[in-house]
Amino acid sequence: MGFEKFLFYVFAAITLAAAGMVVTRRNPVHAVLYLVLAFFSSAALWLLLEAEFLGLVLVLVYVGAVMVLFLFVLMMLDIDLATLRAGFIRYLPLGAVIAVVMAAQILLVVGPANFGAEQFPAPAAAPAEASNIEEVGMLLYTAHVYPFELAAVILLVGIIAAIRLTLRKRPDTKYVDPKHQVEVRKGPDRVRLVSQVSTAGLREEQGARGVAQSQEEGSA
(Lines give C-alpha, C1' and ligand atoms only; values in the text may rest on other atoms or scores of the structure.)
Protein backbone atom coordinates (compact mmCIF):
# COMPACT_ATOMS: atom_id res chain seq x y z
CA MET A 1 0.00 0.00 0.00
CA GLY A 2 1.42 3.33 -1.10
CA PHE A 3 1.70 6.43 1.03
CA GLU A 4 -1.11 8.18 -0.89
CA LYS A 5 -3.52 5.32 -0.24
CA PHE A 6 -2.47 5.31 3.42
CA LEU A 7 -3.33 9.02 3.68
CA PHE A 8 -6.67 8.36 1.99
CA TYR A 9 -7.65 5.73 4.57
CA VAL A 10 -6.48 7.96 7.44
CA PHE A 11 -8.49 10.99 6.31
CA ALA A 12 -11.50 8.81 5.42
CA ALA A 13 -11.47 7.30 8.93
CA ILE A 14 -11.22 10.76 10.49
CA THR A 15 -14.13 11.97 8.35
CA LEU A 16 -16.36 9.04 9.34
CA ALA A 17 -15.47 9.37 13.02
CA ALA A 18 -16.08 13.13 13.02
CA ALA A 19 -19.41 12.69 11.20
CA GLY A 20 -20.49 10.13 13.79
CA MET A 21 -19.56 12.50 16.60
CA VAL A 22 -21.60 15.28 14.96
CA VAL A 23 -24.84 13.29 15.22
CA THR A 24 -24.13 11.72 18.62
CA ARG A 25 -22.83 14.70 20.64
CA ARG A 26 -25.46 16.22 22.90
CA ASN A 27 -23.71 19.57 23.12
CA PRO A 28 -24.40 21.56 19.92
CA VAL A 29 -21.11 23.49 20.17
CA HIS A 30 -19.14 20.23 20.29
CA ALA A 31 -21.14 18.94 17.30
CA VAL A 32 -20.21 22.03 15.26
CA LEU A 33 -16.53 21.64 16.15
CA TYR A 34 -16.59 18.01 15.02
CA LEU A 35 -18.30 19.14 11.81
CA VAL A 36 -15.40 21.53 11.20
CA LEU A 37 -13.02 18.58 11.62
CA ALA A 38 -15.08 16.56 9.13
CA PHE A 39 -14.86 19.40 6.60
CA PHE A 40 -11.09 19.64 7.03
CA SER A 41 -10.59 15.92 6.46
CA SER A 42 -12.97 16.00 3.48
CA ALA A 43 -10.92 18.84 1.99
CA ALA A 44 -7.81 16.68 2.38
CA LEU A 45 -9.58 13.90 0.46
CA TRP A 46 -10.38 16.35 -2.33
CA LEU A 47 -6.73 17.33 -2.48
CA LEU A 48 -5.72 13.68 -2.76
CA LEU A 49 -8.14 13.34 -5.70
CA GLU A 50 -6.41 16.29 -7.42
CA ALA A 51 -9.45 18.54 -6.96
CA GLU A 52 -7.58 21.41 -5.35
CA PHE A 53 -10.23 24.03 -6.07
CA LEU A 54 -13.00 22.07 -4.37
CA GLY A 55 -10.81 21.37 -1.35
CA LEU A 56 -9.84 25.02 -0.92
CA VAL A 57 -13.44 26.18 -1.38
CA LEU A 58 -14.59 23.68 1.24
CA VAL A 59 -12.12 25.11 3.77
CA LEU A 60 -12.54 28.80 2.91
CA VAL A 61 -16.33 28.89 2.50
CA TYR A 62 -17.69 26.25 4.85
CA VAL A 63 -15.05 26.17 7.58
CA GLY A 64 -14.07 29.84 7.36
CA ALA A 65 -17.56 31.33 7.05
CA VAL A 66 -20.55 29.01 7.45
CA MET A 67 -19.31 26.95 10.39
CA VAL A 68 -17.98 30.00 12.22
CA LEU A 69 -21.40 31.62 11.82
CA PHE A 70 -23.10 28.47 13.15
CA LEU A 71 -20.73 28.41 16.10
CA PHE A 72 -21.36 32.04 17.06
CA VAL A 73 -25.14 31.61 16.71
CA LEU A 74 -25.14 28.51 18.90
CA MET A 75 -23.01 30.22 21.53
CA MET A 76 -25.32 33.25 21.62
CA LEU A 77 -28.54 31.22 21.84
CA ASP A 78 -29.79 29.99 25.18
CA ILE A 79 -30.24 26.31 24.32
CA ASP A 80 -31.80 24.01 26.89
CA LEU A 81 -29.47 21.00 26.82
CA ALA A 82 -31.78 18.94 29.04
CA THR A 83 -34.57 19.19 26.45
CA LEU A 84 -32.14 18.20 23.69
CA ARG A 85 -30.99 15.14 25.63
CA ALA A 86 -34.58 14.06 26.28
CA GLY A 87 -35.46 14.42 22.61
CA PHE A 88 -32.34 12.50 21.55
CA ILE A 89 -33.22 9.51 23.71
CA ARG A 90 -36.86 9.56 22.65
CA TYR A 91 -36.20 9.65 18.90
CA LEU A 92 -33.12 7.39 18.93
CA PRO A 93 -34.94 4.19 17.71
CA LEU A 94 -36.65 6.05 14.86
CA GLY A 95 -33.38 7.77 13.92
CA ALA A 96 -31.55 4.43 13.88
CA VAL A 97 -34.15 2.91 11.53
CA ILE A 98 -33.93 5.91 9.18
CA ALA A 99 -30.12 5.76 9.24
CA VAL A 100 -30.16 2.04 8.29
CA VAL A 101 -32.60 2.70 5.43
CA MET A 102 -30.50 5.60 4.13
CA ALA A 103 -27.30 3.52 4.32
CA ALA A 104 -28.98 0.71 2.37
CA GLN A 105 -30.14 3.15 -0.31
CA ILE A 106 -26.66 4.64 -0.62
CA LEU A 107 -25.11 1.18 -0.98
CA LEU A 108 -27.63 0.24 -3.67
CA VAL A 109 -26.90 3.39 -5.69
CA VAL A 110 -23.19 3.90 -5.03
CA GLY A 111 -22.25 0.25 -4.75
CA PRO A 112 -19.45 -1.57 -6.60
CA ALA A 113 -21.91 -2.79 -9.23
CA ASN A 114 -22.64 0.78 -10.38
CA PHE A 115 -19.49 2.71 -9.43
CA GLY A 116 -16.79 0.07 -9.40
CA ALA A 117 -13.40 0.21 -11.05
CA GLU A 118 -14.71 -1.81 -14.01
CA GLN A 119 -17.36 0.81 -14.89
CA PHE A 120 -15.17 3.84 -14.12
CA PRO A 121 -11.47 3.09 -14.51
CA ALA A 122 -8.92 5.46 -13.07
CA PRO A 123 -8.49 8.54 -15.29
CA ALA A 124 -5.19 9.48 -16.80
CA ALA A 125 -2.94 11.72 -14.74
CA ALA A 126 -3.40 15.41 -15.51
CA PRO A 127 -0.39 17.33 -16.80
CA ALA A 128 1.43 19.71 -14.49
CA GLU A 129 0.19 22.81 -16.34
CA ALA A 130 -3.47 21.76 -16.10
CA SER A 131 -5.74 24.15 -14.17
CA ASN A 132 -8.37 22.61 -11.93
CA ILE A 133 -10.26 25.92 -11.72
CA GLU A 134 -10.40 26.20 -15.52
CA GLU A 135 -11.79 22.67 -15.87
CA VAL A 136 -14.47 23.30 -13.27
CA GLY A 137 -15.40 26.62 -14.89
CA MET A 138 -15.67 25.09 -18.36
CA LEU A 139 -18.03 22.36 -17.12
CA LEU A 140 -20.01 24.72 -14.90
CA TYR A 141 -20.67 27.41 -17.52
CA THR A 142 -21.15 25.13 -20.53
CA ALA A 143 -22.59 21.70 -19.78
CA HIS A 144 -24.25 22.66 -16.45
CA VAL A 145 -25.06 26.33 -17.03
CA TYR A 146 -28.85 25.95 -16.60
CA PRO A 147 -28.69 24.11 -13.23
CA PHE A 148 -26.11 26.69 -12.10
CA GLU A 149 -28.41 29.60 -12.99
CA LEU A 150 -31.38 27.84 -11.38
CA ALA A 151 -29.40 27.41 -8.15
CA ALA A 152 -28.44 31.11 -8.28
CA VAL A 153 -32.11 32.11 -8.63
CA ILE A 154 -33.11 29.89 -5.70
CA LEU A 155 -30.40 31.42 -3.52
CA LEU A 156 -31.52 34.92 -4.55
CA VAL A 157 -35.11 34.12 -3.58
CA GLY A 158 -33.88 32.81 -0.21
CA ILE A 159 -31.88 36.00 0.41
CA ILE A 160 -34.86 38.22 -0.45
CA ALA A 161 -37.15 36.15 1.81
CA ALA A 162 -34.69 36.37 4.72
CA ILE A 163 -34.39 40.15 4.32
CA ARG A 164 -38.17 40.51 4.09
CA LEU A 165 -38.71 38.51 7.28
CA THR A 166 -36.02 40.47 9.12
CA LEU A 167 -37.31 43.92 8.11
CA ARG A 168 -40.89 43.42 9.22
CA LYS A 169 -42.28 46.27 11.34
CA ARG A 170 -42.24 45.78 15.07
CA PRO A 171 -44.08 48.42 17.10
CA ASP A 172 -42.19 47.57 20.30
CA THR A 173 -38.74 48.04 18.75
CA LYS A 174 -36.95 51.38 19.07
CA TYR A 175 -35.22 52.58 15.94
CA VAL A 176 -33.89 55.82 14.50
CA ASP A 177 -35.23 57.23 11.24
CA PRO A 178 -32.27 58.24 9.00
CA LYS A 179 -34.47 60.91 7.38
CA HIS A 180 -34.84 62.71 10.70
CA GLN A 181 -31.10 62.43 11.35
CA VAL A 182 -30.30 64.12 8.04
CA GLU A 183 -32.84 66.92 8.54
CA VAL A 184 -31.70 67.77 12.06
CA ARG A 185 -30.64 71.40 12.71
CA LYS A 186 -28.51 72.98 15.33
CA GLY A 187 -30.30 74.86 18.08
CA PRO A 188 -33.57 73.59 19.46
CA ASP A 189 -33.33 70.31 17.52
CA ARG A 190 -30.01 69.37 19.13
CA VAL A 191 -29.78 71.16 22.48
CA ARG A 192 -32.52 71.94 24.98
CA LEU A 193 -31.75 74.21 27.93
CA VAL A 194 -33.46 73.18 31.15
CA SER A 195 -33.46 75.32 34.29
CA GLN A 196 -32.32 73.12 37.14
CA VAL A 197 -31.51 73.96 40.75
CA SER A 198 -27.97 73.08 41.74
CA THR A 199 -27.35 70.55 44.50
CA ALA A 200 -25.79 73.13 46.79
CA GLY A 201 -28.70 75.52 46.36
CA LEU A 202 -31.17 72.72 46.96
CA ARG A 203 -29.45 71.78 50.21
CA GLU A 204 -29.43 75.41 51.42
CA GLU A 205 -33.12 75.72 50.63
CA GLN A 206 -33.93 72.51 52.49
CA GLY A 207 -31.83 73.68 55.47
CA ALA A 208 -33.63 77.04 55.61
CA ARG A 209 -36.98 75.27 55.53
CA GLY A 210 -35.90 73.01 58.38
CA VAL A 211 -34.75 75.96 60.53
CA ALA A 212 -37.98 77.86 59.91
CA GLN A 213 -40.03 74.79 60.75
CA SER A 214 -38.11 74.25 64.03
CA GLN A 215 -38.58 77.88 64.99
CA GLU A 216 -42.30 77.65 64.38
CA GLU A 217 -42.52 74.51 66.51
CA GLY A 218 -40.53 76.23 69.32
CA SER A 219 -42.75 79.32 69.34
CA ALA A 220 -45.85 77.13 69.42
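So, burial to begin with: of the 220 residues in this chain, buried ones make up 10%. Please keep in mind that we are looking at a predicted model. On the surface side, the chain exposes about 18,600 Å², and 68% of that area is supplied by carbon and sulfur atoms.

What about the secondary structure? The chain has ten helices and zero strands, so to speak of the order is easy: reading from the N terminus, the elements go α-α-α-α-α-α-α-α-α-α. As for contacts, take the pairs in the chain that are at least 6 apart in sequence: 58% of them join residues at least 24 apart.

Now let's look inside. Which residues make up the largest nonpolar core? There are seven in all: Val 32, Val 36, Phe 39, Ala 43, Leu 58, Val 63 and Met 67. Two helices, α2 (28–48) and α3 (52–76), each supply at least two residues of this core, and the largest share, four residues, comes from α2. If you'd like one residue to click on, try Val 36: setting aside residues up to four places away in sequence, Val 36 touches Val 63 and Met 67.

One more stop, friends, and that's Ser 42, found in helix α2. Is Ser 42 buried or exposed? Its relative accessibility is 19%, and buried means under 20%, so Ser 42 counts as buried. And what is Ser 42 in contact with, once its neighbours within four places in sequence are left aside? The partners are Thr 15 and Leu 58. You've met Leu 58 already, as one of the residues of the largest nonpolar core. Thanks, everyone!

Methods
Residues numbered from 1 in each chain as written. Predicted model: local features only at pLDDT ≥ 70, side-chain atom pairs only at ≥ 80, totals over all residues. Heavy atoms only, no water. Buried < 20%, exposed > 50% of the residue type's maximum accessible area, 1.4 Å probe, protein only. Contact = heavy atoms within 4.5 Å. Areas by Shrake-Rupley, 256 points an atom, 1.4 Å probe, with all protein chains shown as cover. Core = buried A, V, L, I, M, F, W, Y, C linked by side-chain atoms within 4.5 Å.
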